[in-house]
Amino acid sequence: MLKSEFAPAKINLTLEILGRRSDGYHELRSLVAFAQDVGDVVELASGSLSGVEITGPFAGDISGSNLVDSAIAAFAEKVPGAAPNRLSLVKNLPVASGIGGGSADAAATLRLLSSAYPEVSEPDLLTMARVLGADVPVCIRARPVMMTGVGETLDEVALPHDLYAVLVNPLAGVPANKTSQVFASLGAATLAGTPSKEPTPRFSRIDDVIAYAKARGNDLEAPALRLLPIIGTVLADLRRLENGLLSQLSGAGPTCFTLFKTRSEAEAGALALRLRQPSWWIRPTRLG
Ligand SMILES: C[C@@](CO)(OP(=O)(O)O)[C@H](O)COP(=O)(O)OP(=O)(O)OC[C@H]1O[C@@H](n2ccc(N)nc2=O)[C@H](O)[C@@H]1O
Ligand SMILES: Nc1ncnc2c1ncn2[C@@H]1O[C@H](COP(=O)(O)OP(=O)(O)O)[C@@H](O)[C@H]1O
């Protein structure tokens, strides 16, 4: 059996942008969860050459160098003598969509490669992850966290068990530098110092999560809507779904989500939306 790692979709249940740093990056505060059964798969393949072969419905949409290759290179640099590896990637997640697909793939690659090196710890992987992208550390964890800094500070959060979502992407054309355009369009103020840290929230019931997410929202929603107005249609359609508790944008978009209390409600929501919008990518999932 070849080894494989699941690379789950990341969902920003909230995304507050606290200000712009002098290096152009933004300090943020985000409640992040992961889809339990929607994601890419990174697998060790046979062959002696280092590199990645890509299959799956969105294999053709990755432009430029693949983050899996970058992760292989980052691992080889930090672990001298690491054997070259041929990997395969099943690309199930739409590319550049605000659910961190590339970051999840890079993180899954680092986890997979490290499984042969017990001396490589999670802090080592988090250090490698930081240089690959702001969202890669959180995808190393792949568990619910409060994410702060530019994405490198991770505080574990307990989410109620029964939290379900429908993820929706309209598969509209997205510009190559979408994330930096959305951040730039926000026009956030320059930070004077390090933002003060809030206590990590505690959620005993789903209603606590909904109240928190409603109050915090996603600060990138307005600039993302300016860049991709179809996000407005997605959110309007999601907000009409029966039993939906909250509909919001994830990351810099354009993927949006609606939260539900049960799997059957999420599945019914996905089915209803597929009838209205057959060309959209629509996935019900459990969050954790
Ligand atoms: C917005 C978020 C929220 O989770 O998610 P996505 O929409 O990408 O899924 C992330 O912060 C995206 O992380 P990631 O996609 O890894 O970003 P990077 O490749 O490091 O940076 C892409 C660009 O986004 C901007 N950027 C990113 C992160 C951050 N904290 N501040 C920023 O200003 C910068 O302009 C940077 O040039
Ligand atoms: N394995 C990969 N999967 C997805 N995108 C990748 C990958 N490798 C490189 N990329 C590039 O990274 C950029 C961001 O992709 P992605 O991580 O899917 O976006 P987002 O963070 O918005 O969900 C895209 O321009 C894409 O071409």
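The automatic or database assignment divides the protein chain of this predicted model into domain 1 (4-155) and domain 2 (164-286). The C-alpha centres of the two domains lie 21 Å apart. Their contact involves 29 residues of domain 1 and 36 residues of domain 2. On the domain 1 side, β1 (4-12), β2, β3 and β6 (145-148) each supply at least two residues. Strand β3 gives the most to that side, with seven residues. By class, the side of domain 1 that touches domain 2 has 13 nonpolar, ten polar and six charged residues.

Within domain 2, UniProt adds a further label. An unreviewed entry places the feature "domain: GHMP kinase C-terminal" at residues 219-274. This span is 52% helix and 16% strand. Its end C-alpha atoms lie 28 Å apart.

The nonpolar interior was examined next. The largest nonpolar core has 72 residues. Ile11, Ala107, Leu110 and Ala165 touch the most other members. Strand β3 provides the largest share of this core, eight residues. Both domain 1 (4-155) and domain 2 (164-286) give residues to the core, so it lies between them. Contacts of isoleucine 11 were listed without its neighbours within four places in sequence. They comprise Val32, Ala33, Ala35, Ile99, Ala165, Ser250, Phe257 and Leu287.

The active-site annotation comes from the record. In UniProt, the "active site" label of an unreviewed entry covers Lys10 and Asp135. The two span 126 residues in sequence, yet their C-alpha atoms are not more than 9.0 Å apart, so they gather at one spot. Lysine 10 is in strand β1. It has 27 C-beta neighbours inside 10 Å and therefore counts as buried. Aspartate 135 is placed in the loop between α3 (122-132) and α4 (136-141). It too counts as buried, because 26 C-beta neighbours lie inside 10 Å.

The contacts of these two residues were then listed, not counting residues up to four places away in sequence. Lysine 10 touches Val32, Phe34, Ile99, Gly100, Ser103, Ala104, Asp135, Val138 and Cys139. Aspartate 135 touches Lys10, Gly100, Ser103 and Gly151. Gly100 and Ser103 thus appear among the contacts of both lysine 10 and aspartate 135. The annotated pair are also in contact with each other.

Two ligand shells were described. Ligand 1 is surrounded by 20 residues. The closest are Gly133, Asp135, Ser180, Gly251 and Ala252. Asp135, one of these closest residues, is also covered by the "active site" annotation in UniProt. The elements that give two or more residues to this shell are β3 and α5 (178-186). By class, the shell around ligand 1 has seven nonpolar, twelve polar and one charged residues. Domain 1 (4-155) and domain 2 (164-286) each contribute at least three residues to the shell around ligand 1.

Ligand 2 is surrounded by 21 residues. Ser63, Leu67, Gly101, Gly102 and Asp105 are the closest. Helices α1 (67-78) and α2 (101-114) each supply at least two residues of this shell. The largest share, four residues, comes from α2. The shell around ligand 2 divides into eight nonpolar, eleven polar and two charged residues. It draws at least three residues from each of domain 1 (4-155) and domain 2 (164-286).

A final position is arginine 21. This residue lies in the loop between β2 (16-20) and β3 (26-45). Arginine 21 is partly exposed, with 15 other C-beta atoms within 10 Å. Not counting residues up to four places away in sequence, arginine 21 touches His26, Glu27 and Leu191. Isoleucine 140 is 119 residues from arginine 21 along the chain. The C-alpha atoms of arginine 21 and isoleucine 140 are separated by 24 Å.

Conventions
Residues are numbered from 1 along each chain as its sequence is written. Chains are lettered from A and ligands numbered from 1 in the order in which they are written. This is a predicted model: local features need pLDDT of at least 70, side-chain atom pairs count only at pLDDT 80 or more; totals for chains, interfaces and linings use all residues. UniProt positions are given in the numbering used here, feature names are shortened, and annotations may be inferred rather than shown by experiment. A residue is buried if 20 or more other C-beta atoms lie within 10 Å of its own, exposed if 12 or fewer, and partly exposed in between; C-beta atoms are placed from the backbone. Two residues are in contact if their C-beta atoms, placed from the backbone, lie within 7 Å. Domain bounds come from an automatic or database domain assignment. Ala, Val, Leu, Ile, Met, Phe, Trp, Tyr, Cys and Pro count as nonpolar, Asp, Glu, Lys and Arg as charged, and the others, Gly among them, as polar. A residue is near a molecule or strand if its C-beta atom, placed from the backbone, lies within 6 Å of it. A nonpolar core is a set of buried Ala, Val, Leu, Ile, Met, Phe, Trp, Tyr and Cys residues joined through C-beta atoms within 7 Å.
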